[in-house]
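Colleague: Please show me the model, and then let us go through it question by question.

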Amino acid sequence: MELIDRLRILTAGARYDASCVSSGSRRNKAGGSMGICHSWTEDGRCVSLLKILQTNECIYNCQYCVHRTEKDGPRTSLSSREIAEITVNFFRRNYIEGLFLSSAVRGSPDQTMENMLSCITILRNEYNFPGYIHLKGIPGADRILLKKAGLLADRMSVNIELPSSASLQRLAPQKKPGEIFGPMRFLQEHREMGGAFWEQGRVPS
Ligand code: SF4
């Protein structure tokens with residue numbers, strides 16, 4: 001599949017994550033700004049971000065999700081380097097001020113998190129990318145990977161997908177509550193333990 005087609009599929013797939021201010025807005029649905037969302041930085045600036053999934057090929061079958069294994073539709077991925085290069089190119093053209101990177105779970109949570117970490121490592125360490133990076137933590141991924149990602153990203157978040165263990169068991173039985181709340185607790189603890197570590201955010205791993 002051509003790069004532009006994969007880009008279209010993976011930016012469209014990312015719009016279901018409601019973490020950005022403009023996610024799911026009319027403007028995005030109109031198509032012209034598809035793939036661009038807006039978010040607030042810690043110092044109150046509104047930044048435009050390329051919002052994209054690294055892959056929509058998911059091993060899980062969460063009943064509420066458009067990317068679940070049983071759902072029909074085109075499946076594709078971008079390599080870490082492809083996303084890094086697209087991000088830098090858009091940034092240099094002033095289309096965006098940063099990257100919002102999420103992903104379905106391809107292979108395993110660790111493999112998925114490693115791919116995302118690889119992407120932002122290329123951005124920060126090879127391209128000296130100065131833009132804003134919001135990275136989703138993958139439930140079930142190793143804490144070391146989350147920590148390394150936290151050293152490079154400006155912001156990390158994990159989705160609370162369902163309100164209770166019972167609903168998680170019914171609709172996403174492959175996921176465990178600890179896999180969702182574990183990373184959140186870990187990120188919170190590290191933020192509280194090392195504010196400077198988080199504020200600097202760009203220290204090479
Ligand atoms: S793990 Fe995430 S991407 Fe995969 S089906 Fe569940 S909610 Fe969707």
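Modeller: Helices (H or I, at least four residues) and strands (E, at least two) are taken as DSSP runs and numbered from the N terminus. The model is predicted.

Colleague: How many helices and strands are there in the protein chain?

Modeller: From the N terminus on, the elements run α-α-β-β-α-β-α-β-α-β-α-α-α. Counted by type, the protein chain has eight helices and five strands.

Colleague: In what order do the five strands lie in the sheet?

Modeller: The sheet is open and its pairing is mixed. β1 and β2 run antiparallel and are joined by five bridges, while β2 and β3 run parallel, also with five bridges. Strands β3 and β4 run parallel with four bridges. The order is β1-β2-β3-β4-β5.

Colleague: Which strands stand at the edges of the sheet?

Modeller: An edge strand has a single partner strand, so one side of it is left without a neighbour in the sheet. That applies to two strands, β1 (36–40) and β5 (155–157).

Colleague: By what angle are neighbouring strands of this sheet turned against each other on average?

Modeller: The angle is an average over neighbouring strands of the sheet, with direction ignored. Its value is 25°.

Colleague: Which strands does helix α1 touch as it packs on the sheet?

Modeller: Helix α1 covers residues 3–14, and its direction makes about 115° with that of β2. The strands touched are β2 (46–53) and β3.

Colleague: Which residue in the turn between β1 and β2 has a positive phi?

Modeller: β1 and β2 form a hairpin with five residues between them. Within the paired strands, C37 stands opposite L49 in β2. In the turn, the residue with a positive phi, of about 90°, is G44.

Colleague: Is β3 largely enclosed or exposed?

Modeller: On one side of β3, G98, F100 and S102 are buried, and on the other side L99 and L101 are buried, so both faces are covered. Five of the five residues of β3 are buried, and therefore the strand is largely enclosed.

Colleague: Why does I133 count as buried?

Modeller: I133 is found in strand β4 and is the bridge partner of L99. Leaving aside neighbours within four places in sequence, I133 is in contact with G98, L99, I120, L152, A153 and D154. A residue counts as buried if 20 or more other C-beta atoms lie within 10 Å of its own. I133 counts as buried because its C-beta neighbours inside 10 Å number 23.

Colleague: What separates the C-alpha atoms of I133 and G98?

Modeller: The two residues are 35 residues apart along the chain. Their C-alpha atoms are separated by 5.6 Å.

Colleague: Which element gives the most to the largest nonpolar core?

Modeller: The largest nonpolar core has 42 residues, and L101 is among those with the most contacts inside it. At least two residues each come from α1, β1, β2, α3 (80–92), β3, α4 (109–126), β4 and α5 (143–152). With six residues, the element that gives the most is α4.

Colleague: How many residues of the shell around the ligand are nonpolar?

Modeller: The ligand is surrounded by C58, Y60, C62, C65, H67, R68, A104, V105 and A172. One residue of this shell is polar and one is charged. The number of nonpolar residues is seven.

Notes: Residues are numbered from 1 along each chain as its sequence is written. This is a predicted model: local features need pLDDT of at least 70, side-chain atom pairs count only at pLDDT 80 or more; totals for chains, interfaces and linings use all residues. A residue is near a molecule or strand if its C-beta atom, placed from the backbone, lies within 6 Å of it. Ala, Val, Leu, Ile, Met, Phe, Trp, Tyr, Cys and Pro count as nonpolar, Asp, Glu, Lys and Arg as charged, and the others, Gly among them, as polar. Two strands pair if DSSP finds at least two bridges between them. Axes are lines fitted to C-alpha atoms, for helices over the stretch in contact, and angles run from 0 to 180 degrees between N-to-C directions. Two residues are in contact if their C-beta atoms, placed from the backbone, lie within 7 Å. A nonpolar core is a set of buried Ala, Val, Leu, Ile, Met, Phe, Trp, Tyr and Cys residues joined through C-beta atoms within 7 Å. A residue is buried if 20 or more other C-beta atoms lie within 10 Å of its own, exposed if 12 or fewer, and partly exposed in between; C-beta atoms are placed from the backbone.
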